[in-house]
Every structure is written in C-alpha cells, then in structure tokens.
Amino acid sequence: KSESGIPDRMPVHAHFSSYLMNLLDISSKTLFSKPEVFIDSHFKITAYYDLDWPFLNFDFFNIEAEAMGMTLEWPEKGWPEFSPSEVLIKEPNDIEKLRVPDPYRDGRMPFIIEVHKRCLDFGINYFPRICAPYTLATKIRGVSEFLMDIMTRPEFAHRLLSFLTEEVLAPYVAAFKKEDPDCPVVGTDAN
C-alpha cells in the first residue's frame with residue numbers, strides 16, 4: 001500500500017538526539033560534528049525501536065551563528081548552546097565586523113551539508129533545516145537587544161535581517177540546492 005501512496009498506518013519517527021547520546025555513550029561534540037556517527041547512531045536507534053525512518057535532528061538554531069564566529073558550549077551529553085552573554089553585535093556599528101561564512105568551510109555548515117549528501121546516497125528524504133533570519137539575529141545580537149532595535153532602530157534591524165538573509169542564509173541554502181535542486185530547505189524561528 002505504501003507504494004501506492006496510501007500507508008497502512010501512520011508512519012512513526014521520533015526525536016532521539018539527547019537520548020541516544022546516553023544510550024550509545026556518544027558525546028554531543030562527536031554526535032553533532034561527525035556525519036558518520038550522527039547518521040549511524042540515528043539509524044541504530046531507529047532500528048532498535050522499529051521506527052519507520054530516522055529523524056535526524058541537530059542543533060539547527062546554532063549552525064549559522066557558529067559559522068559566523070560565535071563559540072558554543074558543549075555539555076558532554078546535552079545540546080550545545082551559546083553563552084547568553086556572548087554576542088557578535090554589541091553595538092549597531094559591529095555589523096561592519098560580521099564575517100560572511102563559507103558553507104563548505106566554516107563551523108559545522110560542512111557537517112550538515114555532508115549529512116545531507118549521505119542521506120541522499122542512502123535514499124533518505126532528508127529536509128535540511130536552517131535557522132530563520134529573526135532567530136539568527138537574536139543569536140548574534142541578543143533577544144532583548146534585537147527587539148529594542150526593531151522598535152528604536154528599525155533601519156538597523158532591517159539591515160541586519162537583510163545581511164543575514166542574503167549573505168549568510170542564501171549561500172547556505174544554495175549549497176543544499178547544489179546537491180539536490182528539488183530539496184526543500186526549512187527555515188525555523190525559535191523566538
């Protein structure tokens with residue numbers, strides 16, 4: 001039936017990244033930076049629980065900001081996160097100092113692109129996720145600061161969002177599209 005497009009039941013997958021770090025004794029740094037470990041561990045947990053497909057989840061809200069130069073804190077068995085006190089833009093003029101990341105070289109962008117390539121090789125319909133512009137702005141500027149920018153410096157807020165969209169996110173999306181032109185890339189906001 002599934003070949004006809006009508007499944008015999010609701011397909012099941014699950015978000016396991018935190019759990020599998022403990023179950024398979026994998027550090028977060030290893031899980032979220034080595035494509036072979038990331039994919040293999042998700043395949044193992046999918047088989048262990050007899051799920052329909054692996055749900056390859058990662059800290060997608062961090063990838064672009066890390067590639068721009070922010071430093072992540074890596075708990076041994078937890079999700080990596082930025083220090084709340086660290087931002088790339090302390091003052092609006094700091095926008096001039098922002099580094100445009102290369103999706104094939106900087107941070108873990110190459111890791112995610114490689115995961116996508118390997119999923120294509122395995123025949124897995126993997127939809128890459130990116131951090132949407134608003135959340136990315138709050139990551140590199142701070143939530144309160146960016147909200148104040150929207151209210152008191154809308155031109156700066158617009159300039160920052162434009163920069164992030166055109167110079168950071170568009171080239172990253174293009175890297176996925178280079179591998180798979182029909183691939184939908186999902187931008188997600190968290191804030």
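**Exercise 1.** Determine which residues Asp149 is in contact with, leaving aside its neighbours within four places in sequence.

*Solution.* Contact means heavy atoms within 4.5 Å. With that criterion, Asp149 is in contact with Arg141, Pro154, Phe156 and Ala157. Asp149 itself lies in helix H7; helices (H or I, at least four residues) and strands (E, at least two) are DSSP runs, numbered from the N terminus. Next, take accessibility: buried means under 20% relative accessible area, exposed over 50% and partly exposed in between, with a 1.4 Å probe and protein chains only. Asp149 counts as buried because its relative accessibility is 0%.

The model is predicted: local features need pLDDT of at least 70, side-chain atom pairs count only at pLDDT 80 or more, and totals for chains, interfaces and linings use all residues. Residues are numbered from 1 along each chain as its sequence is written, and side-chain values use heavy atoms, with hydrogens and water left out.

**Exercise 2.** Describe how H7 and H8 pack, and list the residues that meet.

*Solution.* Two packed helices are described by the angle between their axes and the distance between the axes. Axes are lines fitted to C-alpha atoms, for helices over the stretch in contact, and angles run from 0 to 180 degrees between N-to-C directions. For helix H7 (residues 143-152) and helix H8 (residues 154-179), the angle is about 120° and the axes are 5 Å apart. Angles under 35 degrees count as roughly parallel, over 145 as roughly antiparallel, 65 to 115 as roughly perpendicular and the rest as oblique. H7 and H8 are therefore oblique to each other. From H7, the residues Phe146, Asp149, Ile150, Met151 and Thr152 meet Pro154, Phe156, Ala157, Leu160 and Leu161 of H8. By class, this contact has eight nonpolar, one polar and one charged residues. Here Ala, Val, Leu, Ile, Met, Phe, Trp, Tyr, Cys and Pro count as nonpolar, Asp, Glu, Lys and Arg as charged, and the others, Gly among them, as polar.

**Exercise 3.** Establish how H6 is placed and how it packs with H8.

*Solution.* Start with burial: H6 is largely enclosed by the rest of the structure, because seven of its nine residues are buried. These are Thr135, Leu136, Ala137, Thr138, Lys139, Ile140 and Arg141. They pack against H4, strand S2 (81-82), S3, H7, H8 and strand S4 (186-188). Just after H6, Gly142 takes a positive phi of about 105°.

Then the geometry: H6 and H8 pack at about 110°, with axes 10 Å apart. The two helices are therefore roughly perpendicular to each other. Among the residues that meet are Tyr134 and Ile140 in H6 and Leu164 and Val168 in H8. The contact divides into eleven nonpolar, one polar and one charged residues.

**Exercise 4.** Find the members of the largest nonpolar core that touch the most other members.

*Solution.* A nonpolar core is a set of buried Ala, Val, Leu, Ile, Met, Phe, Trp, Tyr and Cys residues joined through side-chain atoms within 4.5 Å. The largest one has 47 residues, and Phe38, Ile140, Leu160 and Leu164 touch the most other members. H8 gives the largest share, ten residues. Not counting residues up to four places away in sequence, Phe38 touches Leu31, Phe32, Leu56, Asn57, Phe58, Phe111 and Val115.

**Exercise 5.** Explain why Cys131 and Cys183 form no bond.

*Solution.* A disulfide is a pair of cysteine sulfur atoms within 2.5 Å. For Cys131, the closest cysteine sulfur is in Cys183, 17 Å away, which is too far for a bond. For Cys183, the closest is in Cys119, at 10 Å, again too far. The whole structure has zero disulfides.
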